[in-house]
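Q: Please pick one part of this chain and take me through it slowly, then show me how it sits with everything else. I'm at the bench most days, so keep it relaxed and spell out the cut-offs.

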Amino acid sequence: MTTASLPDERTRWRCAHCGNLTRFDVTRTTRVREFWHLSMGGAPSIDEREVLEEVVEQVSCRWCGAVDRVELVSRPEFGGPDGEGPGDGGP
Ligand SMILES: [Zn+2]
């Protein structure tokens, strides 16, 4: 199992193979603590959710299916790509 990094406020994912910037399949495991608020009738709603642990197991490209080519790049306002140019796999 390889772990991938989540983007932060300055970065985003990019598929180095096809250039996709916007569509990814993300497999992740999260452990959460939730505040379940139940009505007197027993219907639950979750009022608070705290992520205790999160592991991104795999990020794959929705377009070309590459699983090991998704990289972190800067967002456009920090000098990263602002369009989906072709990657090294061609257009
Ligand atoms: Zn791709």
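A: First, the vocabulary: strands here are DSSP runs of E, at least two residues long, helices are runs of H or I of at least four, and both are numbered from the N terminus. By that reading, Cys64 sits in the loop between S3 and strand S4 (70–74), and that loop is where I'd like to take you. Residue numbers start from 1 along each chain as its sequence is written. Keep in mind that this is a predicted model, where local features need pLDDT of at least 70 and side-chain atom pairs count only at pLDDT 80 or more, while totals for chains, interfaces and linings use all residues.

So, is Cys64 buried or exposed? The scale counts other C-beta atoms (placed from the backbone) within 10 Å of a residue's own: 20 or more is buried, 12 or fewer is exposed, and anything in between is partly exposed. Cys64 has 15 C-beta neighbours inside 10 Å, so it counts as partly exposed.

Who does it touch? Two residues are in contact if their C-beta atoms, again placed from the backbone, lie within 7 Å. Setting aside neighbours within four places in sequence, Cys64 is in contact with Cys15, His17, Cys18 and Gly89. As for Pro86, 22 residues along the chain from Cys64, the two C-alpha atoms are separated by 12 Å.

Now step back to Cys61. With neighbours within four places left out, Cys61 is in contact with Cys15, His17, Cys18, Asn20, Phe24, Ala66, Arg69 and Val70. Cys61 also belongs to the largest nonpolar core, a set of seven residues that includes Cys15, Cys18 and Val70 too, along with Ala4, Trp13 and Val59. A nonpolar core here means buried Ala, Val, Leu, Ile, Met, Phe, Trp, Tyr and Cys residues joined through C-beta atoms within 7 Å. Strand S1 (11–15) and S3 each supply at least two residues of this core.

Asn20, one of the contacts of Cys61, lies in the loop between S1 and S2. Asn20 counts as buried because 20 other C-beta atoms lie within 10 Å. Beyond four places in sequence, its contacts are Cys15, Cys61, Arg62, Trp63 and Glu84. Gly83 is 63 residues away along the chain, yet the C-alpha atoms of Asn20 and Gly83 are separated by 9.0 Å.

Let's follow S3 away from there. Strands pair if DSSP finds at least two bridges between them, and S2 (residues 24–38) and S3 (residues 44–61) have 15, running antiparallel. Thr29 stands opposite Val55, and Phe35 has Glu48 as its bridge partner. The two strands make a hairpin with five residues between them, and Gly42 in the turn has a positive phi of about 100°. Zero of the 15 residues of S2 are buried, so S2 lies largely in the open.

Arg49, in S3, fits a similar description. It counts as exposed because it has 11 C-beta neighbours inside 10 Å. Not counting residues up to four places away in sequence, Arg49 touches Val32 and Glu34. Its C-alpha atom is 38 Å from that of Gly85, which is 36 residues apart from it along the chain.

Zooming out, the chain has zero helices and four strands, giving the pattern β-β-β-β. Its radius of gyration (over C-alpha atoms) is 18 Å, well over the 12 Å that the globule rule gives for 91 residues, so the chain is more spread out than a compact globule. That rule is 2.2 Å times the number of residues to the power 0.38. The C-alpha atoms fill a box of roughly 60 × 30 × 20 Å along the principal axes, and buried residues make up 12% of the 91. Of the contacts with a separation of 6 or more, 69% join residues 24 or more positions apart.

Last, confidence. pLDDT is the predictor's confidence in each residue, from 0 to 100; the chain averages 91, with 95% of its residues at 70 or more. Confidence is lowest in S4, at a mean of 94, and highest in S2, at 96.
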